[in-house]
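User: I am new to this structure and would like to learn how its labels are earned. Could we go through them together?

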Amino acid sequence: MGQKDFAGIGGDILFAARNELYMSLPYLDTALCALNFAPGGGVTVSLATDGETLYYDGAFLAERYLRSRVWTCRAYLHVIFHCMLRHLGKKRGKVAELWDLACDVAVESILDQLDYPCLNIAPSPQRQTFCGECRRDMPVLTAEGVYRRLLRLALPEYALAQLQRAFWVDDHGLWNPEERDGEDRSHRQDQKWRDLSSRTQTGLETVLADRGTGGEAVLEQVRVAVRDDVDYRAFLRRFAAPREVAAVDGDAFDYGFYTYGLRLYGNLPLVEPPETREEKRIEDFVIAVDTSMSTSGERVRQFLACTYAILRSAGTFTRKVNIRILQCDDQLRSDDVIRDLEDLRNYMENFQLTGGSATDFRPVFEHVAKLQEAGAFASLRGLVYFTDGMGIYPEKRTPYETAFILLGEPPLSVKTPPWAIRLVLEAPDLDRAAENLPEELDLDELPEL
């Protein structure tokens with residue numbers, strides 16, 4: 001049989017796999033049809049994509065189809081999930097072999113949870129063991145989380161090769177963003193799959209109860225894929241209150257009259273610049289930390305360090321503040337008062353995590369209510385609660401803004417109160433927020449209010 005015949009057979013196999021997948025996963029309809037089929041593309045085994053075309057080797061597909069029709073369905077959906085989760089564009093700047101493996105682990109973990117006959121293949125013990133170890137560290141098995149774990153493990157070459165073989169499905173050789181046709185094309189392609197993922201999320205949230213067997217795993221990953229990058233610095237500033245500070249306000253008067261007076265009278269401007277201006281500063285504020293057993297002490301330290309770095313910047317911190325840092329698991333463990341930058345610096349240098357029991361968020365809010373009744377706050381703007389999200393929430397809305405900060409996407413079972421702000425941060429978001437901040441800040445630079 002000629003190569004031309006194999007190319008046609010390979011295309012027919014992919015069409016058949018797509019149709020079978022559509023019958024089982026109707027919420028993926030647009031994503032399943034988003035790639036064109038083409039033989040070649042430098043592919044000699046398996047499948048490969050550049051985000052626009054699915055390249056295949058017809059002879060290889062025919063041989064695998066005869067051995068296992070399920071394999072072709074899984075391989076097709078494997079490639080689609082890579083695109084939906086935007087793995088291709090995120091490869092830039094990462095260790096290629098570790099990122100490729102992390103993406104395969106994330107996608108295969110989803111496929112293993114989809115209970116459909118066209119996708120059922122028993123995972124190997126090695127795959128089960130590695131995925132189980134990853135899930136102990138992260139509630140949602142994302143490529144970014146697995147990649148960070150692989151970096152920490154620093155596996156020897158042989159062990160890494162074993163994992164790559166256990167999870168290998170497709171060729172990632174066309175993923176290299178630096179070799180594609182410019183940033184504009186890469187951006188358009190990323191936006192295309194972002195939109196498709198968003199549509200899939202909507203479909204899952206509307207049909208999941210009836211047709212979404214195993215779809216919880218897809219929804220968890222898709223929510224991560226479509227989430228915007230978080231600017232934690234901008235988010236934290238929303239809790240700042242407007243105050244007058246001693247500084248020249250260049251926007252509060254008309255420069256035309258000012259310069260006219262200088263021209264007419266020499267050194268006598270008609271309008272003197274105001275000596276105060278209004279800026280937003282953080283004064284009354286509460287930071288609560290979940291110290292239950294499920295919360296990592298290193299993650300808490302990273303969050304506090306980033307928050308400390310942002311608060312100490314001259315754009316948000318005043319000379320005198322009233323910040324309470326509370327630690328709580330199922331009961332309040334500590335209440336530290338921060339009055340100025342030096343207190344904050346000392347707290348960070350001597351920080352110790354206390355607790356380790358189950359999680360109950362209510363003691364923190366009860367304690368803050370008592371502080372308000374006692375007049376401990378002049379005008380409390382908000383409370384941020386760093387947690388994994390799993391615990392008992394208060395039922396009543398707070399009179400101040402409340403935000404639950406989650407480091408990493410939590411399981412679907414985690415339901416934060418509808419009246420609270422829910423912010424999901426990844427470790428890179430915290431790193432990015434702490435960048436370009438001054439190492440030290442002179443206390444004299446902070447305004448006296």
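Analyst: Gladly! Let us begin with valine 169, which is buried at a relative accessible area of 8%. This is a predicted model, in which local features need pLDDT of at least 70, side-chain atom pairs count only at pLDDT 80 or more, and totals for chains, interfaces and linings use all residues. Residues are numbered from 1 along each chain as its sequence is written, and side-chain values use heavy atoms, leaving out hydrogens and water.

User: Why is valine 169 called buried?

Analyst: Buried means under 20% relative accessible area, exposed means over 50%, and partly exposed is in between (1.4 Å probe, protein chains only). Valine 169 has 8%, so it counts as buried. This residue sits in the loop between helix H8 (157-167) and H9; helices (H or I, at least four residues) and strands (E, at least two) are DSSP runs, numbered from the N terminus. The C-alpha atoms of valine 169 and threonine 72 are separated by 10.0 Å, with their positions 97 residues apart along the chain.

User: What makes glutamate 63 and arginine 67 a salt bridge?

Analyst: The term asks for a side-chain nitrogen of Lys or Arg within 4 Å of a carboxyl oxygen of Asp or Glu. Here the N to O distance is 3.0 Å, and the pair meets the rule. Both residues belong to helix H3 (residues 58-67), four residues apart, about one turn of the helix. Glutamate 63 is partly exposed because its relative accessibility is 34%, while arginine 67, at 60%, counts as exposed. By this rule the count comes to 14 salt bridges.

User: How do you know that arginine 74 forms a salt bridge with aspartate 112?

Analyst: Their closest N and O atoms are 3.0 Å apart, which satisfies the cut-off. This pair links distant parts of the chain, with arginine 74 in helix H4 and aspartate 112 in helix H5 (residues 96-113), 38 residues apart. Arginine 74 has a relative accessible area of 5%, so it is buried; aspartate 112 has 30% and is therefore partly exposed. Arg74 and Asp112 also belong to a network of salt bridges with Glu108 and Arg127.

User: What makes aspartate 335 and arginine 324 a salt bridge?

Analyst: The N to O distance of 2.8 Å qualifies them. Aspartate 335 is in strand S7 (residues 332-338) and arginine 324 in strand S6 (residues 317-328), eleven residues apart, so to speak a link between distant parts of the chain. Aspartate 335 is partly exposed because its relative accessibility is 26%, and arginine 324 is buried because its value is 10%.

User: How do you know that the structure holds two cavities?

Analyst: On a 1 Å grid over the protein atoms alone, a cavity is a set of points where a 1.4 Å probe fits but cannot get out. Two such cavities have 30 Å³ or more, and the largest has a volume of about 90 Å³. Eleven residues line the largest cavity, and the closest to its centre are Leu88, Gly89, Gln189, Asp190 and Trp193. Lining residues have an atom within 4 Å of a point. H9 gives the most to this lining, with four residues.

User: Why is leucine 264 called partly exposed?

Analyst: Its relative accessibility is 47%, so leucine 264 falls in the partly exposed class. Leucine 264 lies in helix H12 (residues 255-265).

Key
1 Å grid on protein atoms, 1.4 Å probe; cavity = no way out; pocket = protein on both sides within 12 Å on 5 of 7 lines; lining within 4 Å. Points joined across faces, edges and corners; volume = space filled by probe spheres on them.
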